Amino acid sequence: MKITKAKVFVGGPKKNYVTLKIETDQGVYGIGDATLNNRETLPAHYLENYLIPNLLGKDPRNIEDIWQFFYRGAYFRRGPIAMAAYGAIDMALWDIKGKLAGMPVYQLLGGKSREGAMVYAHATGSDLEDLMESIAHYVEDGYKAVRVQCGIPGMPTASYAVPEKKGDTKNYITDYSGIRPNLEIWDTEKYMRFMPDALAEIRARFGPDLHILHDVHHRLLPREAAAFAKAVEPVNLFWMEDPTPAEDQDALKLIRQHSTTPVAIGEVFNSVFDCNKLIENELIDFIRVAATYVGGITPLRRIVDLAGLHHVRTGFHGAPSHSPISMAAQHHVNAWAPNFGVQEYLVLGTPECDALFPSEHRMEDGMVFVSDAPGLGVDFDETEAARYEYQPGSHPVVRLQDGTMWNY
Ligand SMILES: [Mg+2]
């Protein structure tokens, strides 16, 4: 069996999805997702110029060897662009293997550990009342877990992931008006004064059963993050996400020494070597890696197994930048993973997106039920894809009030 053709598509409805389609001499094909948010053309070029010419003629059933060939063969290893490109190939090969076996991918991983996998939604508000309404909407829809992000009084601009004003529904992360980013101004003191009390009010309003998550989005210094984690302990958060920038892993020690608030990190990690020490030293509670950015299902499975040895549960990244293909890959891993925690899930469900990526995965009452179709259980319509092209876009950048650059 041989790979005969592979093509890359960039585009989608209000998104620049990077989709890889691998075809074989037996008529079976597989699809993968290499979308690297706001840098989408780079993994597409990497695939087209370096990887696809080496993929043609290989036996698609040798998933492990193909992964090792590209990873070890590159010499300059890792990094988000390369790993997203390997990730797309790996997902497409698992899709092919599932179709050949006549089984959904979760069966190839070891079968189901649960029927439904809990997901969390993103509630946002320009102020606390606006946020409360957003949370109530998701609770009414049956969600059991909600990430809550709130406008901070006195902050000169909207801060991470919150609308500028009440009722604003524009895409709050990526702005497709051009490649030059918008500016957000950040003030740590205002955030630290406001957010712990706001989280306490949310807990009081919605009671003990709702899983409340909050994303600090790398904005705090280690000591500030430790103080924040300690201050919000009575709220009993499901997790505090990305309290400090991920490069300084020792920062997590300081947080651990001062608080029992669960910590989730890893959405920008590219390999097991970005998180093995955090897992082995039990400095985190949830690992946030994504199938795309760590190079596909093959390495993701290894990270999940390492995490399981150290009581670390999964909480894979699922921002709107992930296409339904990588979300499907994660649905299969989530169905199997014995140490599953939660899945970030933003309802993409527009008719345009469903037409581009027909899928039998199903969401109900805040849970995802994985498709039983052979392979990944999601398809890609090339005729629909022809309607779209790459649109330059950017997420904001962040400065402090005095102009100092800060972490988005
Ligand atoms: Mg995050």
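This briefing walks through the packing, the metal site, two unusual backbone spots and the internal spaces of the structure above. The model is a predicted one, so please read the values below as computed from its coordinates. Three places make good starting points: a nonpolar core of 116 residues, a magnesium ion held by D215, E241 and E267, and a second largest pocket with about 370 Å³ of space.

**Nonpolar cores**

- The largest nonpolar core has 116 residues, and I22, L47, I89 and L199 make the most contacts inside it.
- Helix α3, which spans residues 80-101, gives this core its largest share, namely eleven residues.
- Both domain 1 (3-108) and domain 2 (111-372) take part, each with at least three residues in this core.
- For a look at the packing around one member, pick L47: leaving aside residues up to four places away in sequence, L47 touches V8, L20, A34, I52, P53, A85, A88 and I89.
- Another core, of nine residues, lies apart from the largest one, and M118, F238, W239 and A264 are among its members.

**Magnesium site**

- The protein donors of the magnesium ion are D215 (OD), E241 (OE) and E267 (OE), at 2.0 to 2.3 Å from the ion.
- Along the sequence, these donor residues follow the spacing D-x25-E-x25-E.
- E241 sits in strand β8 (residues 239-241), while E267 belongs to the loop between β9 (263-265) and α9 (276-280); this pair, 26 residues apart, links distant parts of the chain.
- E241 and E267 are both buried.

**Positive phi outside glycine**

- D242 has a phi near 40°, a positive value in a residue that is not glycine.
- The loop between β8 and α8 (251-258) is where D242 is found.
- D242 has a relative accessible area of 1%, so this residue counts as buried.
- E282, also not a glycine, has a positive phi of about 55°.
- E282 lies in the loop between α9 and β10 (286-287).
- The relative accessibility of E282 is 35%, so E282 counts as partly exposed.

**Helix α7 and its cover**

- In helix α7 (residues 222-231), the buried residues are E224, A225, A226, F228 and A229.
- As general background, an α-helix has 3.6 residues a turn, so residues three or four places apart point the same way.
- The cover over the buried residues of α7 includes α6 (188-206), β7 (211-215), β8 and α8.

**Second largest pocket**

- The second largest pocket holds about 370 Å³ of space.
- Its lining consists of 22 residues, with P324, Y345, D354, S359 and H361 the closest to the pocket centre.
- Two or more lining residues come from each of α11 (324-336), α12 (351-356) and β13 (362-364).
- Helix α11 gives the most to this lining, with four residues.

**Cavities**

- There are three cavities of 30 Å³ or more.
- The largest cavity has a volume of about 90 Å³.
- Around the largest cavity there are 14 lining residues, and Q149, S159, Y160, W186 and Y191 lie nearest its centre.
- At least two residues of the lining of the largest cavity come from each of β5 (145-150), α6 and β7.

Notes:
Residues are numbered from 1 along each chain as its sequence is written. This is a predicted model: local features need pLDDT of at least 70, side-chain atom pairs count only at pLDDT 80 or more; totals for chains, interfaces and linings use all residues. Side-chain values use heavy atoms; hydrogens and water are left out. A nonpolar core is a set of buried Ala, Val, Leu, Ile, Met, Phe, Trp, Tyr and Cys residues joined through side-chain atoms within 4.5 Å. Buried means under 20% relative accessible area, exposed over 50%, partly exposed in between (1.4 Å probe, protein chains only). Domain bounds come from an automatic or database domain assignment. Contact means heavy atoms within 4.5 Å. Donors are N, O and S atoms within 2.8 Å of the metal (3.2 Å for Na, K and Ca); water is not among the atoms, so sites may look incomplete. On a 1 Å grid over the protein atoms alone, a cavity is a set of points where a 1.4 Å probe fits but cannot get out, and a pocket is an open set with protein on both sides within 12 Å along at least five of seven lines; lining residues have an atom within 4 Å of a point. Grid points are joined across faces, edges and corners, and a volume is the space filled by probe spheres set on the points.
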